[in-house]
Amino acid sequence: MSRKELIEETLKSLHKLSDTEVEEVKRFVELLRSKIEDQELSEGIMNLSSKSEAFDFLKEEEDLYSEEDLIEKY
């Protein structure tokens, strides 16, 4: 079924619902859109941070301590 057909079928079903039920469907759709937008935002932030060079200095940092520096080993 195409997107257009799905929308038409959904609209037909919505017309059969009471006002209260339509409002509930609307709130659900808003919740769903909000979750999708949050996920897209999180993915965008992860992509930006993974491409960022802000923490590259950590890769070049020398090790300050070794196992020989430990007083007690667990």
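The questions and answers below concern a predicted model of a protein.

Reader: How many helices does the protein have, and how many strands?
Author: Read along the sequence, the pattern is α-α-α. The count of strands is zero, and the count of helices is three.

Reader: What is the radius of gyration of the protein?
Author: The globule rule gives 11 Å for 74 residues. The protein is well over that, so it is more spread out than a compact globule. Its radius of gyration is 26 Å.

Reader: What box do the C-alpha atoms of the protein fill?
Author: The box is taken along the principal axes. Its dimensions are roughly 75 × 30 × 20 Å.

Reader: What percentage of the residues count as buried?
Author: Buried means under 20% relative accessible area. The protein has 74 residues. The share that counts as buried is 0%.

Reader: What part of the exposed area do carbon and sulfur atoms supply?
Author: The protein exposes about 7,800 Å². Of this area, carbon and sulfur atoms supply 55%.

Reader: How far apart do the centres of the positive and negative side chains lie?
Author: There are 11 positive side chains and 22 negative ones. Each set has its own centre. The distance between the two centres is 14 Å.

Reader: How many salt bridges does the count come to?
Author: Side chains of opposite charge can pair when their charged atoms come close. The cut-off here is a side-chain nitrogen of Lys or Arg within 4 Å of a carboxyl oxygen of Asp or Glu. By this rule the count is three.

Reader: Which side chain meets Lys12 in a salt bridge?
Author: Lys12 has its partner in helix α1, residues 3-15. The two are three residues apart, about one turn of the helix. The N to O distance is 3.7 Å, and the partner is Glu9.

Reader: Is Lys12 buried or exposed, or partly exposed?
Author: Partly exposed covers the range between the 20% limit for buried and the 50% limit for exposed. Glu9, at 40% relative accessibility, counts as partly exposed. Lys12 has 49%, so Lys12 also counts as partly exposed.

Reader: Which residue forms a salt bridge with Lys26?
Author: Both residues of this pair lie in helix α2, residues 19-51. They are four residues apart, about one turn of the helix. The closest N and O atoms are 2.4 Å apart, and the partner is Glu30.

Reader: What is the relative accessibility of Glu30?
Author: Glu30 counts as partly exposed. That class lies between 20% and 50%. The value for Glu30 is 42%.

Reader: Which residue forms a salt bridge with Arg33?
Author: Arg33 and its partner both lie in helix α2, four residues apart. Arg33 is partly exposed at 39% relative accessibility, and the partner is partly exposed at 44%. The closest N and O atoms are 3.7 Å apart, and the partner is Glu37.

Reader: What accessible area does the nonpolar patch on the surface have?
Author: The patch includes Leu17, Val22, Phe28 and Ile36. Ile36 is found in helix α2. Patch residues need over 30% relative accessible area, and Ile36 has 31%. Together the patch residues have about 620 Å².

Reader: Is Phe55 buried or exposed?
Author: The cut-off for exposed is over 50%. Phe55 has 59% relative accessibility, so Phe55 counts as exposed.

Reader: How far apart in space are Phe55 and Gly44?
Author: In sequence, Phe55 and Gly44 are 11 residues apart. In space, C-alpha to C-alpha, the distance is 18 Å.

Technical notes: Residues are numbered from 1 along each chain as its sequence is written. This is a predicted model: local features need pLDDT of at least 70, side-chain atom pairs count only at pLDDT 80 or more; totals for chains, interfaces and linings use all residues. Side-chain values use heavy atoms; hydrogens and water are left out. The radius of gyration is taken over C-alpha atoms; the globule rule is 2.2 Å times the number of residues to the power 0.38. Buried means under 20% relative accessible area, exposed over 50%, partly exposed in between (1.4 Å probe, protein chains only). Accessible areas come from the Shrake-Rupley method with a 1.4 Å probe; for residues, only the protein chains shown count as cover. Lys and Arg count as positive and Asp and Glu as negative; His and the chain ends are not counted. The place of a charge is taken as NZ of Lys, CZ of Arg, CG of Asp or CD of Glu. Patches are made of residues with over 30% relative accessible area and no salt bridge: like charges are joined within 9 Å, nonpolar side chains (Val, Leu, Ile, Met, Phe, Trp, Tyr) within 5 Å.
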